[in-house]
Amino acid sequence: MRAVVFNAAFDVSVEEVPDPEIVASTDAIVRVVATCICGSDLWYYRGVTDRRPGSRIGHEFIGIVEAVGTDVGAVAVGDFVIAPFMYSDGTCPHCRHGITSSCLHGGFWGAHGVDGGQGEFVRVPLADGTLVVVPGGRPDDALIPHLLALSDVCSTGHHAAVGAGVLPGMTVAVVGDGAVGLSGVLAARRLGATRIIALSRNPARQAVATEFGATDLVEVRGQDAVGAVLELTGGLGADATLECVGTGEAMNTAFAIARPGSRVGFVGVPHEVEFPINIAFDNNVGLGGGLAPARAYLPELLAAVLDGSLRPGRVFDLEVAFEDLPEGYAAMDERRAIKAMARLA
């Protein structure tokens, strides 16, 4: 079978790898119908974080169950399923508490001998706790991008909004215009925010943000962005702020534009971030969010996609053939694309 493999910084390729097999009785094998590239994949693509050469990569995929272990009962051969960006058992204390991303027995795709998600087939550990079945079998092709977005970015943007405490009628600010930030805009609108300020300087991303519900656009960064948001809010700041980047500048901006007594929901993978403790203390600004428990959110978000009220797949502005996924990495790295996806079957 074919899968995307990391070779070195700025060097990924589609290679032949062994077909996956059932290893544990709780495993399933999924034939991938669609997969995509995440902004967090760019950290190792750029050489910022370490990655073992020759390892399979990717953590977002949807597909059809091809085989199941003897102890799998919640999914069956032929089911169309969504795989969240981490696998989890669904039964440990953390999973039962809703934090599936901290499952005592779970982990990440492409690590510790587990297949990456950018391949023709993926072995799914803990299949009953991990996979979410889409009712009715394989959906119409037009629905594929919206279902694929649920595996990570839509769920992560939703987690940012939940972590920030977004409620109906609020003014919300979103720091970051990548796929997660745009998903945060969409989540804020879905949760009832009446004013959504998106920080973005990119016209294509601004268009998606506006489509997703942004009412105001701030096209500057740093202190200029802080001043602009404060001006838009009459000097008060945002009622809820979403930090969807993971850099020190983004975190500082988020706290500087947060209204006293509000919360920042952060979901950007932190890199060289120093927590702005003085702002947080002086203004009583709280911090929520973190690594999104996507599996816990999937039933709610899937229902919204299926009833037509949620359409997160607009974040995919580049679709490539599976063999061309390396070009998708380059396009996202160079900000020529928001998010790239590929269909396999």
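Cys-244 counts as buried in this predicted model, at 12% relative accessibility. Look for Cys-244 in the loop between strand 13 (238-243) and helix 9 (248-256). Leu-182 is 62 residues away from Cys-244 in sequence, yet the two C-alpha atoms are 8.9 Å apart in space.

Met-86 is another buried residue, with a relative accessible area of 10%. Met-86 sits in strand 6 (residues 86-87). From its C-alpha atom to that of Arg-221 the separation is 32 Å, and the two positions lie 135 residues apart in chain numbering.

Ile-22 gives a further pair to trace on screen. This residue belongs to the loop between strand 2 (11-16) and strand 3, and at 35% relative accessibility Ile-22 counts as partly exposed. Its partner for this comparison is Leu-230, 208 residues apart from Ile-22 along the chain, with 55 Å between the C-alpha atoms.

**Salt bridges**

Now to the charged side chains. Side chains of opposite charge can pair when their charged atoms come close. The count for this model comes to 18 salt bridges. Three of these pairs are set out here.

| Pair | Closest N to O distance |
|---|---|
| Glu-323 and Arg-2 | 1.9 Å |
| Glu-66 and Arg-31 | 3.1 Å |
| Arg-336 and Glu-334 | 2.7 Å |

What does the salt bridge between Glu-323 and Arg-2 tie together? Glu-323 lies in the loop between strand 16 (318-321) and helix 12 (325-333), while Arg-2 is in strand 1 (residues 2-8), so the pair links parts that are 321 residues apart in sequence. Glu-323 is partly exposed, at 42% relative accessibility, and Arg-2 is partly exposed too, with a relative accessible area of 23%.

The bridge between Glu-66 and Arg-31 has a closest N and O distance of 3.1 Å. Glu-66 is in strand 4 (residues 61-68) and Arg-31 in strand 3 (residues 28-36), so this contact ties together parts that are 35 residues apart in sequence. Glu-66 has a relative accessible area of 36% and is partly exposed; Arg-31, at 24% relative accessibility, also counts as partly exposed.

In the remaining pair of the table, Arg-336 forms a salt bridge with Glu-334. Arg-336 is partly exposed, with a relative accessible area of 47%. Elsewhere, salt bridges that share partners join Arg-2, Glu-120 and Glu-323 into one network.

**Backbone angles in two loops**

Which residue other than glycine has a phi near 60°? That residue is Arg-335, whose phi is positive. Arg-335 is found in the loop between helix 12 and strand 17 (340-343), and at 43% relative accessibility Arg-335 counts as partly exposed.

Glu-272 is not a glycine either, and its phi is positive at about 55°. Its place is in the loop between strand 14 (258-266) and helix 10 (277-283). Is Glu-272 buried or exposed? With a relative accessible area of 82%, Glu-272 is exposed.

**A nonpolar surface patch**

Phe-275, Ile-277 and Leu-287 form a nonpolar patch on the surface. Together these side chains account for about 270 Å² of accessible area. Leu-287 is in strand 15 (residues 286-289), and Leu-287 is partly exposed, with a relative accessible area of 37%.

**The second largest pocket**

Rolling a probe the size of a water molecule over the atoms shows where empty space is left. The second largest pocket has a volume of about 160 Å³. Which residues line the second largest pocket? The lining is made of Arg-51, Arg-52, Gly-54, Ser-55 and Arg-56, together with Gly-110, Ala-111, His-112, Gly-113 and Val-114. By class, that lining has two nonpolar, five polar and three charged residues. Glycine counts as polar in this grouping, and arginine as charged.

Definitions and conventions
Residues numbered from 1 in each chain as written. Predicted model: local features only at pLDDT ≥ 70, side-chain atom pairs only at ≥ 80, totals over all residues. Heavy atoms only, no water. 1 Å grid on protein atoms, 1.4 Å probe; cavity = no way out; pocket = protein on both sides within 12 Å on 5 of 7 lines; lining within 4 Å. Points joined across faces, edges and corners; volume = space filled by probe spheres on them. Salt bridge = Lys/Arg side-chain N within 4 Å of Asp/Glu carboxyl O. Helix = DSSP H or I, 4+ residues; strand = E, 2+ residues; numbered from the N terminus. Buried < 20%, exposed > 50% of the residue type's maximum accessible area, 1.4 Å probe, protein only. Patch = residues over 30% accessible without salt bridge, like charges linked within 9 Å, V, L, I, M, F, W, Y side chains within 5 Å. Areas by Shrake-Rupley, 256 points an atom, 1.4 Å probe, with all protein chains shown as cover.
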